[in-house]
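Reader: I am new to this structure and should like to understand the terms applied to it. May I ask, point by point, what justifies each description?

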Amino acid sequence: MRWPKALRLDGSVRDPNALHIAMLERVRQRAHDFDLLHFHLDYYPFSLFSRQPIPFVTTLHGRLDLPEHQVVFATFPSIPVISISDAQRRPVAGAGWIRTIHHGLPERLLTPQPVAPAYFAFVGRISPEKAVDQAIWIAKRCGVPLKIAAKVDAVDRDYFESEIRKLLTPPDVEYIGEINDGEKSSFLSGAIALLAPIAWPEPFGLVLIEAMACGTPVIAFNRGSVPEIVEDGLTGFIVERKEEAVAVTDQLSRLSRGAIRRRFEERFTARRMAREYLNVYRSLIENRPYRQPRRSVPTDTKSRVPSSRVLQEVIRQAPAEYVTIGWLTSTLRLHSFGIIMLSLGLLATTPVGSTVPGLILAVMAVQLILGRAEPVLPHFITIRRLPTKHLLQLGGRGIHILKHLEKAVHPRWPMTFDVTKRAVGTMVLLLTVVLLLTPLPLSNIAPAMVISLISLAYVEEDGLLLSAAFLAGIVLIGIGSAAIWGTIVGAVLINA
């Protein structure tokens, strides 16, 4: 159905939900005309469309951290949903997440313009959660003019009049109102930096990539999706509070506006976004029973995607220049625990390289025990960069090895791998203790190899190999515990 103008701009519409419900019913009546339905109406379609046979998916665009959201997703745990950032999905980890797809813009919609940057910019809407007052404070403390290109929604009008208007002191703080896409390129290109001092768990933050498209660095508070979008020290700076934002402005000159634009082209174009959605569409159409509750024990092991194919897809999606650890974990999705632990386990077999991999393995093991769907690593690790050419080299070798291993390692002895996750985490944690503390030469090799075997069995869902690796792990833990205990006793006797 059509409406003469955008609902938010039509003052005669006081209840837009009524029109949304009418639209959903019209879509349901014509659902048989389509192969798949894609919604952007939050949870509104869940009940109606779960009662019809056409596959559907919903991209969620808003915050999900309110208590009532827990009730919705507990009621509809198997409805397939897409998040626009990994941060968005954390409050409702039990929802039917199938992928995170970051937003994208047409590549030439916004472009860098040949203007001399002369002010800070704030773009979006004026509301308490966007914290424009913090941006004003930062700009005044730095002695740099601030231009505010933002809308004021009806719900925020009182806030604007009572809290913000008195802070607008042209020419130091200039409010120019809402601008359109045709005006954004010159506005953002003329900015020294975009200030985004958000005070809420921002699900994405489209303005961040709009700035990147113009080559403009971003100074953003570490909230919500910001660490997934802004690459600290490359496309901008991530800070915790306004004083830190003032401090990092001295470092803006070392950022390359050309490199910022290239990162936009590599990560946030509409073409990339469309390609990821097409992959989701194909998957849902080819697996029509997706609305059934997910089974921990697959009834058809042929439908499980082998790890070698997962790695091929990761390499296909890799940006041209480099990738970050955070990008790898978010792209690997549900395979991330197994594949990363396998890589760390193999790395820990080297005589001098076991400490750092061992510590990271311990962190991941604890997260497995806690039942996390994907690993959450410290920020300083997620932003570590790996040149894409190295990823291609390592990934190519890994795929070659995995293809050979998958001839022998494959789903056998079906097990409930969602439940097994905690047992795997416990065993890996204990083996990591043995790896790090056993006081014997080359004592890291055996536990690291067993961790690698457990990880391989876990990611390939091979119950037979997992059982054998667990048995080997129990033996090693016994030997390692005896060695550690003997060292402690010996040290006590010597001191006595």
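Reader: Where does His 102 lie, and why is His 102 called buried?

Author: In this predicted model, His 102 is found in the loop between β4 (96-100) and β5. Its relative accessibility is 15%. Buried means under 20% relative accessible area, so His 102 at 15% counts as buried.

Reader: Which residues is His 102 in contact with, leaving aside its neighbours within four places in sequence?

Author: His 102 is in contact with Ile 84, Ser 85, Phe 204, Glu 228, Arg 267, Phe 268, Arg 272 and Met 273. One of these, Phe 268, is 166 residues apart from His 102 along the chain, while the C-alpha atoms of the two are separated by 7.2 Å.

Reader: What makes Asp 86 buried, and in which helix does Asp 86 lie?

Author: Asp 86 lies in helix α4 (residues 86-89). Its relative accessible area is 13%; the limit for buried is under 20%, and therefore Asp 86 counts as buried. From Asp 86 to Arg 99 the C-alpha to C-alpha distance is 8.9 Å, and the two are 13 residues apart in sequence.

Reader: Why is Asp 42 described as partly exposed?

Author: The relative accessibility of Asp 42 is 31%. Buried requires under 20% and exposed over 50%; 31% falls in between, so Asp 42 counts as partly exposed. The residue lies in the loop between β1 (37-39) and α2 (46-49).

Reader: What is the phi of Asp 42, and what makes a positive phi worth noting in a residue other than glycine?

Author: Phi of Asp 42 is near 55°, a positive value, and the residue is not a glycine. Such a value is worth noting because most residues other than glycine have a negative phi. Ala 131 also has a positive phi, of about 55°, and is not a glycine either.

Reader: Where is Ala 131 placed, and how do you know whether Ala 131 is buried or exposed?

Author: Ala 131 is in the loop between β5 (119-125) and α5 (132-142). With a relative accessible area of 4%, which is under 20%, Ala 131 is therefore buried.

Reader: Is the peptide bond from Pro 170 to Pro 171 cis or trans, and what is its omega?

Author: That bond is cis, as its omega is near 0°. Most peptide bonds are trans. Pro 171 belongs to the loop between α6 (157-164) and β7 (173-175).

Reader: What angle do the axes of α15 and α16 form, and why is the pair called roughly antiparallel?

Author: The axes of helix α15 (residues 336-347) and helix α16 (residues 355-369) cross at roughly 155° and come within 9 Å. Angles over 145 degrees count as roughly antiparallel, so α15 is roughly antiparallel to α16. Their crossing is left-handed. The residues of this contact divide into 10 nonpolar, three polar and no charged. Among those in α15 are Phe 337, Ile 340 and Leu 344, and among those in α16 are Ile 360, Leu 361 and Met 364.

Reader: How do you know that α15 is roughly antiparallel to α20?

Author: The axes of α15 and helix α20 (residues 445-460) cross at roughly 160° and come within 8 Å. As 160° is over the cut-off of 145 degrees, α15 is therefore roughly antiparallel to α20. This crossing, too, is left-handed. By class, the contact has 10 nonpolar, four polar and no charged residues. Participants in α15 include Phe 337, Met 341 and Gly 345, and those in α20 include Ile 451, Ser 455 and Leu 456.

Reader: What makes α8 oblique to α11?

Author: Helix α8 (residues 206-213) and helix α11 (residues 257-267) pack at an angle of about 125°, with their axes 7 Å apart. Roughly perpendicular covers 65 to 115 degrees and roughly antiparallel begins over 145; about 125° fits neither range, so α8 is oblique to α11. The contact joins Ile 209, Met 212 and Ala 213 of α8 to Ile 260, Arg 261, Arg 263 and Phe 264 of α11. Its residues comprise five nonpolar, no polar and two charged.

Reader: How many helices and strands are there in the protein, and what percentage of its residues count as buried?

Author: The protein has 21 helices and 12 strands. Of its 496 residues, 48% count as buried.

Conventions: Residues are numbered from 1 along each chain as its sequence is written. This is a predicted model: local features need pLDDT of at least 70, side-chain atom pairs count only at pLDDT 80 or more; totals for chains, interfaces and linings use all residues. Side-chain values use heavy atoms; hydrogens and water are left out. Helices (H or I, at least four residues) and strands (E, at least two) are DSSP runs, numbered from the N terminus. Buried means under 20% relative accessible area, exposed over 50%, partly exposed in between (1.4 Å probe, protein chains only). Axes are lines fitted to C-alpha atoms, for helices over the stretch in contact, and angles run from 0 to 180 degrees between N-to-C directions. Angles under 35 degrees count as roughly parallel, over 145 as roughly antiparallel, 65 to 115 as roughly perpendicular and the rest as oblique. A crossing is left-handed if the near helix is turned anticlockwise from the far one by less than a right angle, and right-handed if clockwise. Contact means heavy atoms within 4.5 Å. Ala, Val, Leu, Ile, Met, Phe, Trp, Tyr, Cys and Pro count as nonpolar, Asp, Glu, Lys and Arg as charged, and the others, Gly among them, as polar.
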